[in-house]
Amino acid sequence: TPTPVTVEVYKPVTASISAPVEVCYGNNSAVEISLDGEAPYVVVYNNGTSDVPLDNITTSTLTINDALYTTTTYSLVSVTDKNGCEAPISSGDKATIKVNELPTIASVEIEDDDDYICQGTTTNLIVTFTGNAPFTFTINGTQYTSDDNEFEMEISQAGRYVVENLV
């Protein structure tokens, strides 16, 4: 008589990687790896420089928070579940994060380079930024936002105009 054989079929393992498209210089990457299968998992990902192995992952979402200073591509190298089943990984399983330079105040000038105005007239304070708009900042403690790399504000009074707190 034949001997019966029992075969167990395990749930397939899947994995995906995602991340924000852009971050500011020095901000965290917030890369998410989504996992489906039988925990715990062994995950190996590449952070753009080297492979990083992580053992005993018991959650279905893994978040990687690295401070970024250059545009970086993260990719999945391998994912294995508790049964030894491996997720199919393709060359498209990657997430590239563009790192934008920090905004700076490039210049603060008075229109026409005059440091005076006649009583009853006005001139413009011109602030120029580097980086990617929008820019939020204060002038003498009042908050402003500019959707452009140049901001103009009409002034009619003598005084000191301090531009600061740029974000």
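**Buried residues, cores and a pocket**

In the predicted model, the side chain of S29 reaches the backbone oxygen of I64 at a distance of 2.9 Å. S29 is found in the loop that runs between strand 2 (22-24) and strand 3, and with a relative accessibility of 0%, which is under the 20% limit, S29 counts as buried. When neighbours within four places in sequence are left aside, the contacts of S29 include P20, N65, D66, L68, Y74 and I97, together with I64 itself. The loop between strand 2 and strand 3 also holds A30, for which the backbone angle phi is near 55°, a positive value in a residue other than glycine. A30 counts as partly exposed, because its relative accessibility is 33% and thus falls between the limits of 20% and 50%.

The nonpolar interior may be considered next. In soluble globular proteins, nonpolar side chains tend to be buried together. The largest nonpolar core of the model has 22 residues, and the members that touch the most other members are I17, I33, L35, Y41, V43, Y74 and V79. At least two residues of this core are supplied by each of strand 1 (14-18), strand 3 (31-36), strand 4 (41-46), strand 5 (51-57), strand 6 (61-64), strand 7 (72-80) and strand 8 (94-100). A second core, separate from this one, has 10 residues, among them F129, F151, M153 and I155. The surroundings of I33 give a view of the largest core from one of its members: not counting residues up to four places away in sequence, I33 touches S16, I17, V43, Y45, S60, T61, L62, I64 and L76. Y74, which belongs to the largest core, is also in contact with the buried S29 described above.

The loop between strand 3 and strand 4 contains both G37 and P40. G37 is buried, because its relative accessible area is 15% and the limit for a buried residue is 20%. Once the neighbours within four places in sequence are set aside, G37 is in contact with K11, P12, V13 and D81. The C-alpha atoms of G37 and N83 are separated by 9.2 Å, although these two residues stand 46 residues apart along the chain. In the same loop as G37, P40 is joined to A39 by a peptide bond that is cis, with omega near 5°. A cis peptide bond, again with omega near 5°, also leads from A133 to P134, and P134 lies in the loop between strand 10 and strand 11 (135-139).

An exposed loop position is provided by V21, whose place is between strand 1 and strand 2. V21 counts as exposed, because its relative accessibility of 61% is over the 50% limit. Leaving aside neighbours within four places in sequence, V21 is nevertheless in contact with T96, I97 and K98, and I97 is also among the contacts of S29. The C-alpha atoms of V21 and S34, which are 13 residues apart along the chain, are separated by 17 Å.

Strand 10 (residues 123-130) includes N124, a residue that counts as buried because its relative accessibility is 16% and the limit is 20%. The side chain of N124 makes a polar contact with the side chain of E152, at 3.3 Å. Not counting residues up to four places away in sequence, N124 touches E109, I110, E111, E152, M153 and E154, and one of these residues, M153, belongs to the second nonpolar core.

Rolling a probe the size of a water molecule over the atoms shows where empty space is left. The largest pocket of the model has a volume of about 180 Å³. The residues that line this pocket are I110, D114, D115, Y116, I117, T123, I155, Q157, A158, G159, R160 and Y161, and they divide into 6 nonpolar, 3 polar and 3 charged residues. Of these lining residues, I110 is in contact with N124, while I155 is included in the second core.

Towards the end of the description, N165 is found in the segment after strand 14 (163-164). Phi of N165 is near 55°, a positive value in a residue other than glycine. N165 counts as exposed, because its relative accessibility of 53% is over 50%.

Notes. Residues are numbered from 1 along each chain as its sequence is written. This is a predicted model: local features need pLDDT of at least 70, side-chain atom pairs count only at pLDDT 80 or more; totals for chains, interfaces and linings use all residues. Side-chain values use heavy atoms; hydrogens and water are left out. A nonpolar core is a set of buried Ala, Val, Leu, Ile, Met, Phe, Trp, Tyr and Cys residues joined through side-chain atoms within 4.5 Å. Buried means under 20% relative accessible area, exposed over 50%, partly exposed in between (1.4 Å probe, protein chains only). Helices (H or I, at least four residues) and strands (E, at least two) are DSSP runs, numbered from the N terminus. Contact means heavy atoms within 4.5 Å. A polar contact is a pair of N or O atoms within 3.5 Å; within protein, one must be able to donate a hydrogen and the other to accept it, and residues adjacent in sequence count only if both atoms are side-chain atoms. On a 1 Å grid over the protein atoms alone, a cavity is a set of points where a 1.4 Å probe fits but cannot get out, and a pocket is an open set with protein on both sides within 12 Å along at least five of seven lines; lining residues have an atom within 4 Å of a point. Grid points are joined across faces, edges and corners, and a volume is the space filled by probe spheres set on the points. Ala, Val, Leu, Ile, Met, Phe, Trp, Tyr, Cys and Pro count as nonpolar, Asp, Glu, Lys and Arg as charged, and the others, Gly among them, as polar.
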